[in-house]
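Here's a quick back-and-forth about a helix and a couple of pockets. Take a look at the model before reading on.

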Amino acid sequence: MPKSVDREEQRRQIGAALLQLVAERGLDEVSVRTVAAATGRSPGAVQKYFRTKDEMLTFAAELAGERIERRMAEVNTALPLRQALRDLIRTTLPVDAERRAEATAQLAFAIHAAHHPRLAAIRRQVDQDVRQALATWLESAGHETHAAALADAVIALSDGLALRMLYTPQEHEHLLTALDRALDTLIPDPGTDRHRRE
């Protein structure tokens, strides 16, 4: 009897291998052949799931966004706002090998997306989903007036720290201290979790 194959699981394995390959060797090294080698498959076996490199890149970009959104959803938003925001931002930072690989791949995708509309559309959708979820949560925490602006600031802070951590891993502790200082500015009164209204 033929062995049952979970098509979605196979696609996820290939997507995960692509993310790791991008992190280790860069986007220029990604091809159907190199991804096949990384997964122990033949190029023909990979093409049963992805016909082209662009299809693989599109799926891997979605997979990376999904992983980040899943980790963000696991943050305990019942914590005081400043602490929850810190935990939320830390889920996006390359503080371990898996997240470093994801952040490296995300940066490569961002650069690639500048010239590839389909990949750009995926990244915009992920950004929009994250921004909307964050703004909704901030509104529920009492920041109705400033929720969207604060969400944009948190995302910018996260993106900037992640980028710097990629090329200055020796400064992780310094950059995490910078995160705390930035949050002191964004949430001026952590004791009450209320944003100073102008």
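Q: What comes right after α2, and what is its phi?
A: That's Gly-40, with a positive phi near 75 degrees. Keep in mind that this is a predicted model.

Q: What makes Val-32 count as a buried residue of helix α2?
A: The cut-off is under 20% relative accessible area. Val-32 is listed among the buried residues of α2, along with Thr-34, Val-35 and Ala-36, so Val-32 falls under that 20%.

Q: Which helices do the buried residues of α2 pack against?
A: They pack against α1 (7–25), α3 (43–46) and α4 (53–73). Contact means heavy atoms within 4.5 Å, so the buried residues of α2 come within that distance of those helices.

Q: How big is the largest pocket, and which residues are closest to its centre?
A: The volume is about 610 Å³. Of its 27 lining residues, Ile-68, Gln-106, Arg-123, Ser-158 and Asp-159 are the closest to the centre. The largest share of the lining, seven residues, belongs to α8.

Q: Why is Asp-129, in the lining of the second largest pocket, called charged?
A: Asp counts as charged, together with Glu, Lys and Arg. Asp-129 lines that pocket, and so does Glu-69, so both go into the charged class. By class, the lining has two charged residues, next to seven nonpolar and one polar.

Q: How much space is in the second largest pocket, and which helix gives the largest share of its lining?
A: About 180 Å³, with α7 giving the largest share, five residues.

Technical notes. Residues numbered from 1 in each chain as written. Predicted model: local features only at pLDDT ≥ 70, side-chain atom pairs only at ≥ 80, totals over all residues. Heavy atoms only, no water. Buried < 20%, exposed > 50% of the residue type's maximum accessible area, 1.4 Å probe, protein only. Helix = DSSP H or I, 4+ residues; strand = E, 2+ residues; numbered from the N terminus. 1 Å grid on protein atoms, 1.4 Å probe; cavity = no way out; pocket = protein on both sides within 12 Å on 5 of 7 lines; lining within 4 Å. Points joined across faces, edges and corners; volume = space filled by probe spheres on them.
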